[in-house]
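Colleague: I would like a close look at a single part of this model. Please take the place where two helices from the two chains come together, and set it in its surroundings.

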Protein chains: 2
Amino acid sequence: MTPSDIPALLARIAAEDGAIGSFWQVDRDGALAARAATAGPLDGVAIGIKDNVDVAGLRTTAGIAAFRHRVADRDAPVVRRLRDAGLVILGKTAMHEGALGATTDTPGFGRCMNPLRAGYTPGGSSGGSGAAVAAGFVPLAIGTDTMGSVRLPAAYCGVIGLKPTSGLVSRTGVVPLSPRLDHVGILAATVEGAALALEVMAGDDPEDPDSRPAPPGWRALTAQPANPRGLRIGLPEAVLAAPMEPAIRTALEEAQTRLRDAGALLVPVAVPGWDLTATRRAGLLLIEAEAAALHPTLVDDPEAATPGFRAALAYGRDANGARIAKALFRLAEARAGALRALDQCDLLLMPTAPQRAFTHGTPAPVDQADFTALANVAGLPAIALPWAAADGGLPCSIQIVGRAHTEQAVCALADWLVRAR
Amino acid sequence: MTPSDIPALLARIAAEDGAIGSFWQVDRDGALAARAATAGPLDGVAIGIKDNVDVAGLRTTAGIAAFRHRVADRDAPVVRRLRDAGLVILGKTAMHEGALGATTDTPGFGRCMNPLRAGYTPGGSSGGSGAAVAAGFVPLAIGTDTMGSVRLPAAYCGVIGLKPTSGLVSRTGVVPLSPRLDHVGILAATVEGAALALEVMAGDDPEDPDSRPAPPGWRALTAQPANPRGLRIGLPEAVLAAPMEPAIRTALEEAQTRLRDAGALLVPVAVPGWDLTATRRAGLLLIEAEAAALHPTLVDDPEAATPGFRAALAYGRDANGARIAKALFRLAEARAGALRALDQCDLLLMPTAPQRAFTHGTPAPVDQADFTALANVAGLPAIALPWAAADGGLPCSIQIVGRAHTEQAVCALADWLVRAR
């Protein structure tokens, strides 16, 4: 990628981000002082870091009042890897409180705007990362994704969002929400950028219990877009049957047509055990219980976080063991169903979300994460790519989910679809 | 294997099992009528089935009062596979109530005796399976293993106990305790028998969400015992530091000496995140919560089960979400630690249990499953093999744990050790 013009980007952020609010902290001095010369493909490229990921010397708030003044004393390993590859950190991006929600309207921190349309949410929880990339402030931004928090803002902001296979990217130094479901991912202007960044981010970390070495020969970048001929692409029946905005359904059908015309085989597939609503609810309950276990002091302190956030954690904390066990059964069934579906096809294709961005203040649709949660539950790689809406309105987004560690195939097909549209 | 003399075995059971109590039901007519002729290696071989596994037409009680009269209307898939391979089912074996405990002293069903010494427990929860094999009533018996329930009775009864990789053997038709940790395994007189039986038992089952096809080329049987030369065998540091009976420590040292003399490299390894007590407690809490979720009607009905069993399930049911989440973190850490340890060595070697069989009526040691639980938590194959005690008393037992789907290597080394002793 082309090295970024850092002073120009900083000037644009200074001039334009007041109206957007994608950055909560800009590290002007640090960015201007960065002098990497790795000769790698991302040398000198600007990046934003979600505000739940530690960057030494900057605050890590996670959008939680109690964490407002916490300053990281070291880089998270994933940040260290980015720096070592020559990436230039411009600052910390806005997010939904505690990464638990998808509007990035965070009391006490700010309401982040969608750069594509004033008054609209960028999605979340990595909303600032999506907005910063969409506004052209950075070509890359780190996000985290527990049920869709990288892919939803990518969808609402019309950019690329890539959530890797579980264990591939360390979560050390990242404020945890649910270790079972948390992933670090990347929002990017291009598939190539996302793949290049992920190759830098991936790496074993003994400090993160779920971290595992990438398999030998693992890559995310592809030399060229996929050739869809002969690919067997599964369309999950539960998604086809789900309510979605007409423009979203049209986008999915257009993508299918392009792929079919190029020789791919599109097949409806059952994902046994994946009930969109029940799986989402089970995931949410587990997240709330895990977050409560990890952040017990936030729950009962009225100053620590918003009443809504605290109530969610209290709900998870107080759910009884039998309810949590049932949620675990649900998640195990959905995971097994995803693996079984991918025994029968090469990749899954579906919309990223059932709707496009909506206005701030509108109640968030309960089903926002219904299509994204599966990849977290199953630990599979998933990418969101923008798809211009047939009605000329805000962009739609298409999601591809692959088998574990097939980031290269997932990115290659995403690249092909971006070009095909 | 040699086909069994079914009438002779039935006669022995009729004459001798009154004092042992290893069978709760003997299917004399079914066994005598069995006329398989598959020409496979297990054709005509007698087998016992633990009483929590469905055999069509026989009761499946799981040792729970409320289930006393439940008759299975079809074979569990694993039983069907055994039948199809020509194995002859002699009946249903005794077990600890609900598979939650390791003495097989089950109120209302009977106290199973260790055939090696009167008045001693055979271990559990698959105590009847261990006793039936040790008594020579059957060369093979199915067990289930959630934290060690195949390997502990194997250890106490001086036989082989093999718990396979997660997902390899279907649990459909098996009374569940904890879907997260339950495994179906095999107790056997020889390593060869266990391996042959496991090859028959293994098979994908879409009805069991955690079932997965075995990898291509997967085997359990080996053409010959392992050659230990060059093998890197890890000794978990936490086990080396744990209290254990002197005879058990001597047995472990003898096994190490044999292996070292044969050219193996014995190395202490850290299993980060595996705290014996904390992992066992976390596993137990999860089991209790899962069992409560699956068997809600047992908890509050005084007639349904013993007060102790019901109290355990009530404890899991009533634990709050934050406690269950912390237990899940513990288990995830131990699992990750086991995988990491096996990145550094080929196999793990340790005793199966910290002690040998003890007398019925003695309080069960709390640490019985401390060495066995790891393989359940991590989903790894593990085998228990008998090791004659240096003091001439009851046998000790050595456990080998391997990487996922390395049953063949695990069995090969077990076979070598059995012969080396």
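Modeller: What follows starts with the helix pair, moves to the relation of the two chains, and ends with chain A and a few single residues. Keep in mind that this is a predicted model.

Start with the two helices. One is helix H9 of chain A, residues 276–294. Its partner is helix H12 of chain B, residues 321–341. Their axes lie 8 Å apart, and the packing angle is about 85°. Angles of 65 to 115 degrees count as roughly perpendicular. H9(A) and H12(B) are therefore roughly perpendicular to each other.

Which residues of H9(A) and H12(B) meet? From H9(A) come A:Leu286, A:Ala289, A:Glu290, A:Ala293 and A:Leu294. From H12(B) come B:Gly321, B:Ala322, B:Ala325, B:Lys326, B:Leu328 and B:Phe329. Sort them by class. The contact of H9(A) with H12(B) has eight nonpolar residues, one polar and two charged.

Now step back to the two chains. A turn of 180° with a shift of 0.0 Å along the axis lays chain B on chain A. The RMSD of that fit is 0.0 Å. That is the relation of a two-fold axis. Where does chain B come nearest to the axis, going by C-alpha atoms? The C-alpha in question is that of B:Asn320, 2.3 Å from the axis. Both copies use the same surface: 100% of the contact residues of chain B recur in chain A.

Next, chain A as a whole. Its secondary structure comes to 14 helices and 13 strands. The C-alpha trace spans about 55 × 50 × 45 Å along its principal axes. For 421 residues, a compact globule would have a radius of gyration near 22 Å. Chain A has 20 Å, which agrees. Of the 421 residues in chain A, 62% are buried. Now take the contacts in chain A with a separation of 6 or more. Residues 24 or more positions apart account for 76% of them.

A:Ala255 gives a single case from chain A. Its place is in helix H8, residues 246–261. Is A:Ala255 buried or exposed? Buried means under 20% relative accessible area. A:Ala255 has 0%, so this residue is buried. Leaving out residues up to four places away in sequence, A:Ala255 touches A:Trp387, A:Ile398 and A:Leu417. Take A:Trp387. A:Ala255 and A:Trp387 are 132 residues apart in sequence, but their C-alpha atoms are 8.4 Å apart in space.

Then there is A:Ala220. This residue sits in the loop between helix H6 (191–201) and strand S9 (232–236) of chain A. At 0% relative accessibility, A:Ala220 counts as buried. Its contacts, with neighbours within four places in sequence left aside, are A:Ala195, A:Leu198, A:Glu199, A:Glu407, A:Gln408 and A:Cys411. A:Phe358 is 138 residues from A:Ala220 along the chain, and their C-alpha atoms are separated by 32 Å.

Last, a residue from chain B. B:Ser125 lies in the loop between strand S5 (110–111) and helix H4 (127–134). With a relative accessible area of 0%, B:Ser125 is buried. Residues up to four places away in sequence are again not counted. Among those B:Ser125 touches are B:Lys50, B:Met95, B:His96, B:Thr144 and B:Ser149.

Definitions and conventions:
Residues numbered from 1 in each chain as written. Chains lettered and ligands numbered in written order. Predicted model: local features only at pLDDT ≥ 70, side-chain atom pairs only at ≥ 80, totals over all residues. Heavy atoms only, no water. Helix = DSSP H or I, 4+ residues; strand = E, 2+ residues; numbered from the N terminus. Buried < 20%, exposed > 50% of the residue type's maximum accessible area, 1.4 Å probe, protein only. Contact = heavy atoms within 4.5 Å. Least-squares fit on C-alpha atoms with pLDDT ≥ 70 in both. Axes fitted to C-alpha atoms, helices over the stretch in contact; angles between N-to-C directions. Parallel < 35°, antiparallel > 145°, perpendicular 65-115°, else oblique. Nonpolar A, V, L, I, M, F, W, Y, C, P; charged D, E, K, R; others polar. Rg over C-alpha atoms; globule rule 2.2 N^0.38 Å.
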